[in-house]
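Hi,

Here is the structure I promised to pass on. Have a look at it first, and then read my notes below.

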Amino acid sequence: MERKRWYKDMVFYQIWPRSFKDGDGDGMGDLWGVLEKLDYIQSLGCDGIWFSPIYPSPGADCGYDIADYMTIAPEFGGMEAFRQVLDGLHQRGMKLIMDLVVNHTSDEHEWFQKSRQRIEPYTDYYIWRPARPDGKLPNNWDSNFEGKAWTFDPVRQEYYLHLFAVKQPDLNMDNPLVREEVKKILRHWLDMGVDGFREDVITYISKPDGLPNDHIFPIYKGMRHYNHGPRIHEYLAEFKRDVFDHYDCFTLAEAPLVWPKRALKYIHEERGQIDMMIQFQCQCADCLFTDYLPTKFSLRRMKRAFSQWQRKLSGQAWNMLYIENHDHPRIISRYGSEDFPTESGKTLAVSYLFQQGTPFLYQGQEIGMLNWRPEDPEMYEDVQSRYQYTHAALNKSPKERLERLWRCSRDSARTPVQWDSSENAGFTTGKPWFYVNPNYKQINVAAQEKDPDSLLNFYRKAIKLRKSLPVVRHGTYREYFARSGKRYVYSREMEGQRLLVVCSFSDKPMKLKMPRGFDLSKAELILQTHPTATDILQSYESRVYLWEK
Ligand code: GLC
């Protein structure tokens, strides 16, 4: 049966639930808060929600350490609130996707507790190795978050592998019982009516036999062995065949370090095992959105990455599009300009919303929330940021290290959503679990609702336009002035419709340059960031032109 692939016509909104909206006054965002905001999300033109994890969790990695996959955490409103959100979305014709985190669990998950005591059938659910007589660790791999990837468990008297935090032991996916558990989780939520999954670091789930040392990578040692590991396609195909093929749903896989050629092995429309990928390309090549290394923003590099993905997937695969999520600092602070927040926010929106793919917006992106900058490193909550401050770049002064966090930390984008100018930005009536960015009096939803030229209303306009233009879904992509470090210009073309997107990434005015063959006198200007359009592009001005036969 031909799949409908309805996700191709949609725009999704990512909710990082702790900081979205508190509905019960305990200071933590929850599903009651989400329920209040479903109309708001729909008013943006979004057709669905991706929830970052809302399962019971001790919170060592803000929910990405799951202690029970089968229910919703009481602090988020439990199953009762979840059912109401799911129904509320479906009544509006919207979709819901859950986060599936199965590279690892929490160490407080029952499986791990039993595994460390060698209680069957859990003994081999995780990756255990005996201590070596020479006192060395089982191999030289690094964890992605804190130090080495091995921790000794005093109960089992063995080391367990954790590619992330110490409290996130990796599952042994080579064990068929573990794969059956994953399928059970998937069916549990799909049977309840969820519409798909975002699969956390799924490209890490297959580890190579023998867990060899890594003598090549200077950092993130081991990643070259376990990322896209030997049986990854086999396992994903198994999940597809046994579960996903039996439901009307889609899958979105998070893939650190992936290039389009490799991605096609996963997302090719005929041969792939999943539908879309979240690409985290590394800063050293054509990098998009990996900010742990505070390299300087390069528009050329960003364009190269965007264009590569557009060109190389064309006609073979469909991908998701994003400029923000919970793992990156805020995009205006990083790739735009805090001196021109509205203008650069609009330009960043235009730069990605007219490409081919399914766009995702991250909470607060639509009002241009900016990086949070605390004075004290102790205020950071994120396990990775805390580790980086105390262990990385130790030759730099504390002030420089703090500045690095301002720029790179995931917490920069995890402060509560700024709903209005009342106390705590209208996020909670209680004491917020995390700090509210002090700029909430200037940047908030209520103020932007009232302003027709706000970033919020611009997002609405741009999304509506995107959905009305078949060329955005079907057209070919071509980039112009690729060597420019200040302008991003691309066209989308199909029979009868031609679109040109022109974005300035400069804080200074510059001449409007049109690529050859685009006759402005015959074009309609269908979207603009500034009130007038002359032959000068103002700071961070963007325009979208349309030609129709
Ligand atoms: C993914 C998540 C991130 C999490 C990590 C470990 O990268 O997006 O937030 O910390 O995996 O689960």
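Let me start with the second largest pocket, and with what sort of residues line it. By class, its lining has six charged, six polar and five nonpolar residues. That makes a lining of 17 residues, and those nearest the centre of the pocket are K296, F297, K486, F505 and Y540. The space inside comes to about 410 Å³. Bear in mind throughout that this is a predicted model, and that the values below are computed from it.

Which helix gives the most to the lining of this pocket? It is α10, with three residues. Both α9 (299-313) and α10 (331-335) supply at least two residues each.

Now for the ligand. There are 14 residues around it, and D61, D200, E254, H326 and D327 come nearest. Sorted by class, this shell has seven charged residues, three polar ones and four nonpolar ones.

Some of the contacts can be given as distances, in each case from a polar side-chain atom to an oxygen atom of the ligand:

- D327 has such an atom 2.4 Å from a ligand oxygen.
- For E254, the distance is 2.8 Å.
- For H104, the polar side-chain atom lies 2.9 Å from an oxygen of the ligand.

How much of the ligand does the protein cover? On its own the ligand has 310 Å² of accessible area, and the protein covers 97% of that.

Stepping back to the whole chain, you will find 16 helices and 18 strands in the protein. Its radius of gyration is 23 Å, close to the 24 Å that the globule rule gives for 549 residues, so the protein is as compact as a globular protein of that length. If you want a feel for the dimensions while you turn the model around, the C-alpha trace spans about 75 × 50 × 50 Å along its principal axes.

Two details of the backbone are worth a look as well. One is the peptide bond that joins E120 and P121: this bond is cis, with omega at about 5°. To find the spot, go to the loop between α4 (110-115) and β4 (128-130), where P121 sits. The other is R5, which has a positive phi of about 50° even though it is not a glycine. You can pick out R5 in the segment before β1 (12-15).

If you only have a few minutes, I would go to the ligand and look at D327, whose polar side-chain atom is 2.4 Å from a ligand oxygen. After that, try the pocket lining around K296 and F297, two of the residues nearest its centre.

Cheers

Definitions and conventions
Residues numbered from 1 in each chain as written. Predicted model: local features only at pLDDT ≥ 70, side-chain atom pairs only at ≥ 80, totals over all residues. Heavy atoms only, no water. 1 Å grid on protein atoms, 1.4 Å probe; cavity = no way out; pocket = protein on both sides within 12 Å on 5 of 7 lines; lining within 4 Å. Points joined across faces, edges and corners; volume = space filled by probe spheres on them. Helix = DSSP H or I, 4+ residues; strand = E, 2+ residues; numbered from the N terminus. Nonpolar A, V, L, I, M, F, W, Y, C, P; charged D, E, K, R; others polar. Near = heavy atom within 4 Å. Polar contact = N/O pair within 3.5 Å; in protein donor to acceptor, adjacent residues only side chain to side chain. Areas by Shrake-Rupley, 256 points an atom, 1.4 Å probe, with all protein chains shown as cover. Rg over C-alpha atoms; globule rule 2.2 N^0.38 Å.
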